[in-house]
Every structure is written in C-alpha cells, then in structure tokens.
Amino acid sequence: MGPDELIGHLVPPPQFASASLESYVPDPEHPSQQEAVDAVRAFVDGAPAAKGGLFRRKPAAPPTRPGIYLDGGFGVGKTHLLASLWHRTRGRKYFGTFIEYTAIVGALGYREAVQHFRGAQLIAIDEFELDDPGDTMVMSRLLGELVASGSRIAATSNTPPHALGEGRFAAQDFLREIHALADRFLTVRIDGVDYRKRDIEGTAVTVDEAELEGAIDGVAGTVTLDAFDDILRHLATVHPSRYVGLIEGVTAVAVTGVRTLENQTDALRLVALVDRLYDAQVRIIATGVPLDRVFGEEMLAGGYRKKYLRAVSRMIALTSMP
C-alpha cells in the first residue's frame with residue numbers, strides 16, 4: 001500500500017457511512033447529549049448554539065479554537081457525532097483513529113505525513129489516547145503544523161485533554177506538550193451510560209474444534225482460517241497502518257488455539273487488528289480461551305487498560321455476530 005492508498009482509507013467506518021446530526025437520538029435523561037449536537041453543529045456550520053445549550057453561560061463570542069473535543073464514556077455516541085461532523089464538512093478531510101494517524105506517521109515518516117495532511121479542511125481523530133511520550137511529542141507537533149496550515153481538528157476520547165497520558169507514563173515530564181494539545185480544543189462533555197465505569201458484560205463466544213468446520217460453512221462470504229500464534233507472528237511483520245489491507249474483502253476470520261497473552265507488544269498489535277475488524281464488521285470465530293480473557297490481569301491493571309477494555313468489548317461483539 002502506497003501513501004495515497006494508506007491515507008485514502010481515512011474515512012468513517014461503514015457503520016457510520018450515513019451518520020448525521022439528525023440521526024443522532026439524544027437521551028433526554030442526559031441533556032449534555034443534545035448540547036453536544038448543538039456544539040458540533042455550531043463548530044462545523046458556524047451557527048450559534050441553541051438557547052439554553054452548551055454556551056448559555058458564555059454568551060460572548062463563538063469559540064475561536066481550531067478544534068472540538070468530545071469527551072465521554074463508551075456508548076454515548078461520540079463516534080457518531082464525529083462522523084456526522086466529517087460528513088457535514090466540505091473540502092479535503094480525513095477520519096481515523098488515533099492509532100491510525102500515529103501508524104501512518106510511522107510508516108511514511110513525519111515530514112511526508114505532514115505534506116499529505118497539510119491544508120486539509122478537517123482532521124477527525126477518533127479514540128484520542130496518548131500511551132507514550134513519543135506519541136505525545138509527535139501528535140502535538142503534527143497538530144500544531146496542521147492547524148497552522150488552516151486545518152481544523154475534531155477528536156473524541158473518554159479522557160479530558162488535560163488528563164491525557166495520566167497513568168501511562170511520566171506525564172509531569174510532558175505537561176507542556178499535553179497542555180499545548182488541550183489548548184487547541186473546545187472541550188464538550190457528553191454524559192450517559194459509561195462502559196468504562198462498569199464491569200464488562202457478556203463473554204466472547206467460542207466454538208469447539210469439532211464445531212469449527214460447521215461454523216465456517218455457515219458464513220456466506222470469504223472466511224480465513226489461522227492459528228492464533230501464526231496470526232501474532234504475521235502481525236509482527238506488517239506495519240499496523242497496513243492491517244486494513246489484511247482484512248479487505250473478508251467476511252469472517254476463524255482463529256484456532258486462542259490463549260492468554262504474555263507479551264504486551266503482541267497484545268497491542270492484536271488491539272490494532274481488532275480495531276480494523278470492528279470497523280469493517282468482520283465476524284470472529286474462535287476456539288480456545290475466550291477472547292475476552294486474552295489480556296491477563298497484569299495487562300488490564302497497566303497503562304494500556306483502556307485500549308484492552310475497548311478491544312475486549314469489540315471482540316465480544318464480533319464473536320456474537322450472526
């Protein structure tokens with residue numbers, strides 16, 4: 001995959017291909033959801049927020065920051081709103097996860113990535129997370145250059161921007177970079193049911209080895225069949241920015257011999273693959289340890305906890321697909 005093809009994949013996932021502000025249904029028990037809709041509309045259209053909305057306490061000038069940051073728990077519609085904003089924006093624009101952007105910078109090199117993104121009308125970043133100092137420095141510098149070129153930034157996360165990096169590295173050593181990122185955003189809090197604040201519900205579906213062939217035969221479309229360890233070895237040979245090419249045209253992936261991971265590098269590569277599978281809604285058929293138990297307790301207690309919990313939730317959903 002060349003640079004143009006890599007960046008050409010930066011569009012909303014298929015399930016959000018027709019997302020709009022009009023199709024977002026706010027929960028009346030959480031007024032901040034309607035306020036978020038108003039804020040996104042104001043950001044992209046330049047219209048004032050509705051009376052009684054997010055900006056009621058600040059009736060002065062509309063926000064002039066070049067970015068909007070949707071902060072809220074899992075399942076409150078942040079990605080829907082981000083995709084709606086992307087669809088509503090005219091001109092050259094990109095939509096991808098934080099991992100995708102950092103992977104592209106790693107694949108192309110910083111300067112070439114800047115040249116490809118420079119001057120875009122909108123850079124939409126889903127699941128904004130800073131997991132290490134390198135990512136902090138790269139994204140701070142990248143967004144600074146893109147904003148200077150006239151780009152606007154929209155991002156989602158479940159971590160307020162001034163708290164990015166907490167619990168994952170020595171954030172105190174990088175406060176300037178973290179605050180520089182935060183100061184570019186108008187932060188909009190979206191309340192609602194927060195997946196991160198409750199226990200994982202459900203479990204990933206597994207099949208017995210004897211049932212595997214029948215499960216594969218029941219899928220209409222292309223199905224891959226690989227051993228779990230073989231997949232991990234192959235992922236180590238492919239840059240994460242190119243994982244999307246591995247699953248192109250695939251309806252389901254069958255994985256045998258799933259086990260609990262001990263190597264964090266393997267775990268993070270699996271997270272990146274699961275994100276691509278989820279975006280494409282590719283079903284997973286698995287034998288062995290249920291995929292919601294693939295990350296050990298030590299991993300779930302560490303700095304990448306949020307990434308692993310998101311992957312667990314997605315693997316539960318993908319193994320439960322009909």
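Here are some friendly questions and answers about a predicted model.

Me: In what order do the 3 strands of the open sheet stand?
Reply: Happy to walk you through it. The pairing in this open sheet is parallel, and neighbouring strands are turned by 15° against each other on average, direction ignored. The order of the strands is S6-S7-S8.

Me: Which strands stand at the edges of that sheet?
Reply: Look for strands with a single partner strand, because one side of each is then left without a neighbour in the sheet. That description fits two strands, residues 223–227 and residues 283–288. The edge strands are therefore S6 and S8.

Me: Which residue in S8 is the bridge partner of Ala254?
Reply: Start with strand S7, which covers residues 252–258. It runs parallel to S8, and 5 bridges join the two. For Ala254, the bridge partner in S8 is Ile285.

Me: Is Glu127 buried or exposed?
Reply: You can find Glu127 in the loop between strand S3 (122–126) and helix H6 (133–148). Most residues other than glycine have a negative phi. The phi of Glu127, however, is positive, near 60°. Its relative accessible area is 15%, and since buried means under 20%, Glu127 counts as buried.

Me: What is the relative accessible area of Gln281?
Reply: Gln281 also has a positive phi, near 55°. Its place is the loop between helix H11 (264–279) and S8. Gln281 is partly exposed, with a relative accessible area of 35%.

Me: How do H11 and H13 lie to each other, oblique or roughly parallel?
Reply: Two packed helices are described by the angle between their axes and the distance between the axes. Here the axes of H11 and helix H13 (residues 305–319) come within 9 Å and cross at roughly 45°. Angles under 35 degrees would count as roughly parallel. The crossing of H11 and H13 therefore makes them oblique.

Me: How many nonpolar residues does the contact of H11 with H13 have?
Reply: H11 passes H13 in a left-handed crossing. On the H11 side, the residues that meet H13 include Leu268, Val271 and Tyr278, while those in H13 include Ala311, Met315 and Leu318. Charged residues take part too, among them Asp275 in H11 and Arg314 in H13. By class, the contact has 1 polar and 5 charged residues, and the nonpolar ones number 11.

How values were computed:
Residues numbered from 1 in each chain as written. Predicted model: local features only at pLDDT ≥ 70, side-chain atom pairs only at ≥ 80, totals over all residues. Heavy atoms only, no water. Pairing = 2+ DSSP bridges. Helix = DSSP H or I, 4+ residues; strand = E, 2+ residues; numbered from the N terminus. Axes fitted to C-alpha atoms, helices over the stretch in contact; angles between N-to-C directions. Buried < 20%, exposed > 50% of the residue type's maximum accessible area, 1.4 Å probe, protein only. Parallel < 35°, antiparallel > 145°, perpendicular 65-115°, else oblique. Left-handed = near helix turned anticlockwise from the far one by under 90°. Contact = heavy atoms within 4.5 Å.
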